[in-house]
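Visitor: I am new to this structure and would like a close look at one part of it. Could you choose a single residue, start there, and then show me what surrounds the story?

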Amino acid sequence: MSISIKSSADIDKMRIAGGLAASVLDMITPHVVVGITTEHLDQICHKFIVDELGAIPAPLNYRGFPKSICTSINNVVCHGIPGEKKLKKGDIINIDITVIKDGFHGDTSKMFIVGKPSVKATRICKIAQECMYLGIEQVKPGARLGEIGQVIGAHAHAHNCSVVKDYCGHGIGLGFHEEPQVLHYDNGKTKHSPILEPGMTFTIEPMINLGNYQVVTSRLDGWTVTTKDRSLSAQWEHTILVTENGHEILTHREEENVYTQKAVQSLL
Ligand code: MF3
Ligand code: CO
Ligand code: CO
C-alpha cells in the first residue's frame with residue numbers, strides 16, 4: 001500500500017483541477033430549481049466543462065457510467081444517474097462533479113434543497129456538511145488518517161444519524177480513485193492508519209443517513225445507491241491537500257465563507 005506524494009508541479013495542477021470542479025458547482029447553482037430534469041443539469045454541466053473549461057468530465061464512461069455528473073436525490077446516497085426525473089418542491093439533491101484538467105482530477109459535491117426546505121431536509125444536509133468540515137479540520141501532517149472517520153462518526157451519531165460504510169473518500173491525482181481509502185467512520189484501527197504527510201491529496205465525502213447506515217445498489221442500472229430503509233441521505237465532498245501547516249481545500253468555493261468554517265470551529 002502506498003500513498004503518492006504530489007510534487008509542487010503536480011499540486012499546481014491539482015489546484016487548477018480543483019478550482020474548475022468548484023466552478024461547475026457555482027455555475028449550476030441557479031439552475032437547480034423545481035421542474036428541471038437531472039438530465040438537463042447533466043447537459044449544462046457537460047457543455048460547461050468541455051466548452052468553457054477545456055476539461056474532461058471524469059464520470060462519463062468511467063467503469064461504464066453513462067453521464068458526466070452524478071445527481072443523487074432524497075434517499076439516493078450516491079452515484080445517481082441523471083435522467084428524465086424532474087426536481088420537485090422539497091427535494092434534496094447532491095450534485096457530484098469530477099473534472100480532469102492536464103491529467104489531474106478535482107472532485108467535489110454539495111447538497112441543494114429545492115423549493116421550501118423541510119426541517120428534516122435542512123437537518124440532514126447541515127449535519128452532513130458539518131461532518132465534512134470536522135473531517136477536514138483533522139487534516140495536518142502527523143495526524144492519522146483514521147482520525148477523520150472518528151470525528152465524522154462521532155458527530156453523526158451524536159445527532160442520531162448514521163454513516164454509510166460501503167463508500168469512502170479516496171486518494172486523488174492522476175487517478176480518479178487512488179490510495180488511500182478515507183473512511184468516514186471509526187473502524188477501531190486509527191493507531192495503525194497512515195500518518196498524513198505534506199503533498200498527499202485525497203477527498204473527504206461523508207454520506208450521512210437520517211436512518212440506518214445500510215445501502216442497496218440498483219439491480220436495474222448497477223449504479224444508483226439508495227438507503228435500505230428509504231431514509232434521506234446527504235453528502236458533501238471536497239478534495240484536500242495536506243500542507244506543511246495543515247491543509248488546503250482545493251475545491252473551495254467563494255460561498256463557503258468564514259461563517260461555515262466558524263460554525264464548525266464552535267463544534268470542535
Ligand atoms: N465522484 C464520485 C466520487 O466522489 C465518483 C463517481 S463515479 C461515477 O468518488 F462513475 F459514478 F461517476
Ligand atoms: Co465525487
Ligand atoms: Co470522490
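**Starting from one glutamate**

Guide: Let us begin with Glu248, which is partly exposed at 25% relative accessibility (under 20% is buried, over 50% exposed and anything in between partly exposed, with a 1.4 Å probe and protein chains only). Please keep in mind that this is a predicted model, in which local features need pLDDT of at least 70 and side-chain atom pairs pLDDT 80 or more, while totals for chains, interfaces and linings use all residues. Residues are numbered from 1 along each chain as its sequence is written, chains are lettered from A and ligands numbered from 1 in the order in which they are written, and side-chain values use heavy atoms, without hydrogens or water.

Now look for the partner of our glutamate. The side chain of Glu248 meets that of Arg15 in a salt bridge, 2.7 Å from N to O (a side-chain nitrogen of Lys or Arg within 4 Å of a carboxyl oxygen of Asp or Glu). Glu248 belongs to strand β15, residues 247-249, and Arg15 to helix α1, residues 8-28, so this contact ties together parts that are 233 residues apart in sequence (helices, H or I with at least four residues, and strands, E with at least two, are DSSP runs numbered from the N terminus). Arg15 is partly exposed too, and its relative accessible area is 36%.

How many salt bridges does the structure hold? There are nine, and two others are worth a visit. One of them joins Asp91 to Lys88, whose closest N and O atoms are 2.9 Å apart. Here Asp91 is buried at 2% relative accessibility, whereas Lys88 is partly exposed at 47%. Another brings together the side chains of Lys110 and Glu255, with 2.9 Å from N to O. That pair links distant parts of the chain: Lys110 sits in strand β5, residues 104-113, and Glu255 in the loop between β15 and α5 (258-265), 145 residues away. Lys110 counts as buried with 6% relative accessibility, while Glu255 is partly exposed with 42%. Returning to our starting point, salt bridges with shared partners join Asp12, Arg15 and Glu248 into one network.

Next come the aromatic rings. Two aromatic pairs are counted, where rings of Phe, Tyr and Trp (its six-membered ring) pair if their centres lie within 6.5 Å, with planes under 30 degrees apart called stacked, over 60 edge-to-face and the rest tilted. In one of them, Tyr62 and Phe176 are tilted, 4.7 Å from centre to centre with 50° between the planes. Tyr62 lies in the loop between β1 (56-57) and β2 (70-73) and Phe176 in the loop between β7 (169-171) and β8 (178-182), so distant parts of the chain, 114 residues apart, are linked by this pair. Tyr62 is partly exposed at 23% relative accessible area, and Phe176 is buried at 11%. The other pair, Phe65 with Trp223, is edge-to-face, with centres 5.0 Å apart and planes at 90°. Phe65 is in the loop between β1 and β2, and Trp223 is in the loop between β11 (215-217) and β12 (225-227), 158 residues apart. Both rings are on buried residues: Phe65 has a relative accessible area of 2%, and Trp223 has 18% relative accessibility.

Finally, visit a metal site. Which residues hold the cobalt ion (ligand 3) as its protein donors? They are Asp107 (OD), His170 (NE2), Glu205 (OE) and Glu237 (OE), lying 2.0 to 2.2 Å from the ion (donors are N, O and S atoms within 2.8 Å of the metal, or 3.2 Å for Na, K and Ca; water is not among the atoms, so sites may look incomplete). Along the chain, these donors follow the spacing D-x62-H-x34-E-x31-E. Asp107 also acts as a bridge between the cobalt ion (ligand 3) and the cobalt ion (ligand 2), which are 3.3 Å apart. Because His170 lies in strand β7 and Glu237 in the loop between β13 (233-235) and β14 (238-242), the two tie together parts that are 67 residues apart in sequence. His170 is buried at 5% relative accessibility, and Glu237 is buried at 0%.
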